[in-house]
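Open the model in your viewer and show side chains as sticks. This tour goes from one salt bridge to the next.

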Amino acid sequence: MKICDLHTHSVFSDGKYTPTELIDEALKKGISAIALTDHNTVDGIDEFLTAAKGRNIQAIAGVELSTEYKGKELHIVGLFIPDDALPKITQMVSSYRKKKQEANINTVDRLIADGYKVSYERIKENAVNGNINRVHIADELMKMGYINSIIRFINNLPIDGLIHIINLFLVLIK
């Protein structure tokens with residue numbers, strides 16, 4: 001029986017493994033196909049595909065795009081992204097990433113105003129390429145002893161800074 005995992009994240013979003021380590025771990029677990037679907041970035045795809053070359057695993061380029069629909073957060077997973085589409089995706093999500101950075105700074109500022117001794121700079125230092133999300137903020141709070149559950153923190157955190165990027169798929173299917 002073949003096993004595949006079509007929804008994984010690396011350190012380029014909220015995962016704990018590098019793209020190369022994801023391939024290594026998948027092979028250890030007998031997975032025959034794996035997709036890297038980091039949140040709003042394809043920065044790890046080249047490393048991911050390179051790590052799989054010549055090995056007994058199919059690596060699938062993907063992305064998980066965040067958007068909003070009727071006031072609710074929505075994630076769209078795109079798979080089998082062709083190489084020539086990667087720069088287009090990077091360009092399209094750049095405005096989202098700027099808004100996400102502003103939202104993260106606002107979140108940390110609210111935490112500081114509420115008495116938490118957190119630092120946006122310290123959180124950013126601990127994130128690969130400075131790509132911060134709610135998990136990184138929650139991880140810092142957990143390390144400092146403020147919370148004991150990352151999931152509970154994230155589920156209670158307001159979502160701001162989301163934009164519509166569904167048009168990305170219209171570009172990719174042309």
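Which residue forms a salt bridge with Glu140? Select Arg122: its closest N and O atoms with Glu140 are 2.6 Å apart. Keep in mind that this is a predicted model.

Now colour by helix. Glu140 sits in helix H5 (residues 134-143), and Arg122 sits in helix H4 (residues 120-125). The two are 18 residues apart, and the pair links distant parts of the chain.

Switch on the surface. Glu140 counts as buried, at 6% relative accessibility. Because the cut-off for buried is under 20%, Arg122 misses that class: Arg122 is partly exposed, at 33%.

Next, select Arg55 and Asp24. They form a salt bridge, with the closest N and O atoms 2.8 Å apart. Arg55 lies in the loop between helix H2 (45-52) and strand E3 (58-69). Asp24 belongs to helix H1 (residues 19-28). This pair also links distant parts of the chain, with the two positions 31 residues apart in numbering. Check the surface again. Arg55 is partly exposed, with a relative accessible area of 35%. Asp24 is partly exposed too, at 27%.

Stay in helix H1 and select Glu25 and Lys28. Here the closest N and O atoms of the salt bridge are 3.2 Å apart. What separates the two residues along the helix? About one helical turn, because Glu25 and Lys28 are 3 residues apart in helix H1. Lys28 counts as exposed, at 65% relative accessibility.

To finish, show every salt bridge at once: the count comes to 4.

Terms used:
Residues are numbered from 1 along each chain as its sequence is written. This is a predicted model: local features need pLDDT of at least 70, side-chain atom pairs count only at pLDDT 80 or more; totals for chains, interfaces and linings use all residues. Side-chain values use heavy atoms; hydrogens and water are left out. A salt bridge is a side-chain nitrogen of Lys or Arg within 4 Å of a carboxyl oxygen of Asp or Glu. Helices (H or I, at least four residues) and strands (E, at least two) are DSSP runs, numbered from the N terminus. Buried means under 20% relative accessible area, exposed over 50%, partly exposed in between (1.4 Å probe, protein chains only).
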